[in-house]
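Work through the exercises below with the model open. Each task is followed by its solution.

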Amino acid sequence: MGERIGLLLKKNSVITLEGTLGAGKTTLVKGIAKGLDIENNIVSPTFTLIQEYLGRLQLYHMDLYRIDSAEEFELLGAEEMFYADGVCIIEWSEIAKDFLPKDLIEISIDINEDKSRDIKIEGLDL
Ligand SMILES: Nc1ncnc2c1ncn2[C@@H]1O[C@H](COP(=O)(O)OP(=O)(O)OP(=O)(O)O)[C@@H](O)[C@H]1O
Ligand SMILES: [Mg+2]
């Protein structure tokens with residue numbers, strides 16, 4: 001599914017990924033990266049906060065789990081990446097909600113009892 005999403009993305013797409021710890025957010029980003037023709041292995045940005053990759057479009061993969069305040073997010077300088085003609089995908093985006101563009105793709109992942117996932121996507125132009 002990630003790969004198919006990746007194929008549909010246009011420049012300046014901003015995606016928020018919702019889902020509990022271990023829901024499969026980073027795994028979905030791996031697929032999206034494939035759809036963007038990115039050959040690098042996607043690693044979780046939990047500690048680096050932002051990872052950049054170059055494919056059909058530049059991918060900025062953010063994980064804000066370790067960001068404690070909106071001020072800290074501002075200092076990170078990530079806001080300008082929303083408008084840098086690439087694609088931004090943000091895990092744990094809640095802390096940055098005041099800075100997100102209005103035109104958002106929102107994806108949420110729920111884990112079912114049998115470990116399968118329900119994935120809901122809003123705002124993606126087909
Ligand atoms: N669609 C899926 N079906 C079954 N297992 C999955 C699926 N997606 C991810 N997993 C498994 O769930 C685990 C956690 O995946 P992942 O690291 O992508 O989650 P995450 O939401 O990014 O976690 P975190 O909240 O720590 O950032 C991995 O072992 C992965 O293989
Ligand atoms: Mg993750």
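**Exercise 1.** State the accessible surface of the chain and the share that belongs to carbon and sulfur atoms.

Solution. The accessible surface is about 7300 Å². Carbon and sulfur atoms hold 48% of that surface. Areas come from the Shrake-Rupley method with a 1.4 Å probe. Next, burial: 44% of the 126 residues count as buried, meaning under 20% relative accessible area.

This is a predicted model, where local features need pLDDT of at least 70, side-chain atom pairs count only at pLDDT 80 or more, and totals for chains, interfaces and linings use all residues. Residues are numbered from 1 along each chain as written, chains are lettered from A and ligands numbered from 1 in written order, and side-chain values use heavy atoms, without hydrogens and water.

**Exercise 2.** Give the order of helices and strands, then judge compactness.

Solution. Count the elements: three helices and six strands, taken as DSSP runs (helices H or I, at least four residues; strands E, at least two) numbered from the N terminus. Along the sequence they read α-β-α-β-β-α-β-β-β. The radius of gyration is 14 Å, close to the 14 Å of the globule rule for 126 residues, so the chain is as compact as a globular protein of that length. The radius is taken over C-alpha atoms; the rule is 2.2 Å times the number of residues to the power 0.38.

**Exercise 3.** Which strands stand at the edges of the sheet?

Solution. Write the order of the open sheet: β2-β3-β4-β1-β5-β6, with mixed pairing. Pairing needs at least two DSSP bridges. β2 (50-54) and β6 (117-122) each have a single partner strand, so one side of each lacks a neighbour in the sheet. Now look inside: four bridges join β1 (residues 13-18) to β5 (residues 105-111), running parallel. L17 has I107 in β5 as its bridge partner.

Conventions
Buried < 20%, exposed > 50% of the residue type's maximum accessible area, 1.4 Å probe, protein only.
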